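Reader: Hello! I am new to looking at protein models, and I would love a close look at one part of this one.

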Amino acid sequence: KDGEKIKLASYEEGFYIVYLPDGEEVRITNDASREEGLAVLNGKIALYEECMLASAK
């Protein structure tokens, strides 16, 4: 709304890092399968249905 940029995810030192709204960083190894990564995130995000997922093609 006010033009603020919010970092959602990054890739650093072999880890995909997802930034949660509460400020927590979830690190997922780059060799984890999509299902493993989603399982980690599902354990951290209470309302998964309200989250957006992006898929690299």
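Reader: Among contacts in the protein chain between residues at least 6 apart in sequence, how many, as a percentage, join residues at least 24 apart? And could you then take me closely through the side chains around R27?

Author: Happy to! This is a predicted model, where local features need pLDDT of at least 70, side-chain atom pairs count only at pLDDT 80 or more, and totals for chains, interfaces and linings use all residues. Residues are numbered from 1 along each chain as its sequence is written, and side-chain values use heavy atoms, with hydrogens and water left out.

To your first point: 4% of those contacts join residues at least 24 apart, a contact being heavy atoms within 4.5 Å. Along the sequence, the chain follows the pattern β-β-β-α, with helices (H or I, at least four residues) and strands (E, at least two) taken as DSSP runs, numbered from the N terminus.

Now to R27. Its side chain meets that of E25 in a salt bridge, at 4.0 Å from N to O. The term means a side-chain nitrogen of Lys or Arg within 4 Å of a carboxyl oxygen of Asp or Glu. A search of the whole structure finds 1 salt bridge.

R27 also lies over the face of F15, at 5.8 Å from the ring centre. For this, NZ of Lys or CZ of Arg must be within 6 Å of the ring centre and within 35 degrees of the ring normal.

How covered are these residues? R27 counts as partly exposed because its relative accessibility is 44%, and E25 counts as partly exposed because its value is 43%. Buried means under 20% relative accessible area, exposed over 50%, and partly exposed in between (1.4 Å probe, protein chains only).
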